[in-house]
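Q: I am new to this structure. Please take a close look at one part of it, beginning with a single residue and its contacts, and then set a few other places beside it.

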Amino acid sequence: MELPFAESWRIKMVEHIRKSTKEERLQWLRDAHYNVFQLRAEQVYIDLLTDSGTGAMSDRQWAAMMTGDESYAGARSFYRMKDTITRITGFEYVVPTHQGRAAENVVFSHLVHEGDIVPGNSHFDTTKGHIESRKAFAVDCTVDEAKDTALDYPFKGNVDISKLRRVLEADADKVPFIIVTITNNTAGGQPVSMQNLKEVRALADEFGKRVIFDSARFAENAYFIKIRENGYSDKTIKEIVREMFSLADGMTMSAKKDALVNMGGFFATRHADWYEGAKRFVIPFEGYLTYGGMNGRDMEALAVGLDENTEFDNLHSRIHQVEYLAAKLDEYGIPYQRPAGGHALFIDASRILTHVPKEEFPAQTLTVELYLEAGIRGCEIGYILADRDPVTRENRFDGLDLMRLAIPRRTYTDNHMNVVAAALKNVYDRRESITRGVRIVWESELMRHFTVRLAPAGQE
């Protein structure tokens, strides 16, 4: 008899979470202006808002934190982290930052200027925000297969090489670099194939351009290459990772995802000129070059986390749970971006709340309904997150309208996934009765979804 699947870890400590009543949740939503980011954590039963910094660290990581060197300059913890990053990625130069968006800020401050064009595959919110705040333009070159959530295509995160070529042929002089997000979060946590990364590299070389990987979930991307792409099944995750990064010139990293820490990030590169440029901004924005907004203890935990999460068993346990939830949703007929992503399921709100017009933000409406149903907090990855066009100031309704259920690493059990699936089924079963969504009462100019204030549509 074949043994059933089991996680590659066991539980050592637990944290209490509390259920609430629907009446409580309705009041809390009103107080939060129907923006789940504004809820207090204790008002949430199962929190799938993000997988960023919300995972459980291992005993090895906690032990490593006790050895942290908190020296202002030259801390051994920095060099331990740097050596680990270089060993895993091949990048010689490392700039620590307090998280991924800080890494973007540091390197984009050096490389992105007004009027520039930065092509890539579905830039995530902070990436696009850092580009557009500098009066530059983020151009999405993701493959068209990503737009069809029902299509079971193995590498929906891929860059469409023909689209990228058209951008470079038209405006190569305005392109400071090409950015590839691995995995592609906005498209549904979808991976990018090694073949596609090679094609991007070849095109970049043809036009004399460099390539940056947005690498928050690079280990999950390597896992999908191993199990889905021909020629990689016998390679280790670390071998695949080294090959991936050999095709890039630099990387930004939110270590709060695939490095399994609660806070931290870095920019790494093989080019001394990029390193020198980034150094000019890390000191005023983040801190000295050998801590960059991080404690020594956090750098120790990050180094261990990178090692742990570039092993197959750890990734298999994590992604298996995402697939477990996907199988429950398949059972209930609930549409999501197929196949299941590495860190989350992206529920296709436009195919569920068909009576809610796009101007009333179906994915945000679905997020509100799921929270009201069971205290489960998801995240809208759709028309609100897309922000307004920087030129016309019109809402951007040309992309997917998804609700993301991001699963923290090593945090919840499959029983929690059963609750999530049942709650979503309850909402799905009453979808025909949901005919109105939400309207925007107040919004910020950039990255509005974090702080936007909403109200039920049709109500004053």
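**A residue and its contacts**

A: Leaving out residues up to four places away in sequence, A172 touches V167, F207 and K209. The model is a predicted one. A172 is found in the loop that runs between α6, residues 161–171, and β5, residues 178–181. Its relative accessible area is 18%, so A172 is buried, because buried means under 20%. A172 is 110 residues away from V282 in sequence, and the C-alpha atoms of A172 and V282 are 28 Å apart in space.

A second loop position is D387, in the loop between β11 (379–381) and β12 (402–406). D387 has a relative accessibility of 4% and therefore counts as buried. With neighbours within four places in sequence set aside, the contacts of D387 are N395, R396, L446, M447 and R448.

Next comes a place on the surface. Y288 is found in the loop between α10 (272–285) and α11 (296–308). The relative accessible area of Y288 is 31%, so this residue is partly exposed; partly exposed covers the range between the buried limit of 20% and the exposed limit of 50%. Together with Y72 and I283, Y288 forms a nonpolar patch on the surface. The accessible area of Y72, I283 and Y288 together is about 320 Å².

To recap, A172 is buried, D387 is buried, and Y288 is partly exposed.

Terms used. Residues are numbered from 1 along each chain as its sequence is written. This is a predicted model: local features need pLDDT of at least 70, side-chain atom pairs count only at pLDDT 80 or more; totals for chains, interfaces and linings use all residues. Side-chain values use heavy atoms; hydrogens and water are left out. Helices (H or I, at least four residues) and strands (E, at least two) are DSSP runs, numbered from the N terminus. Buried means under 20% relative accessible area, exposed over 50%, partly exposed in between (1.4 Å probe, protein chains only). Contact means heavy atoms within 4.5 Å. Patches are made of residues with over 30% relative accessible area and no salt bridge: like charges are joined within 9 Å, nonpolar side chains (Val, Leu, Ile, Met, Phe, Trp, Tyr) within 5 Å. Accessible areas come from the Shrake-Rupley method with a 1.4 Å probe; for residues, only the protein chains shown count as cover. A salt bridge is a side-chain nitrogen of Lys or Arg within 4 Å of a carboxyl oxygen of Asp or Glu.
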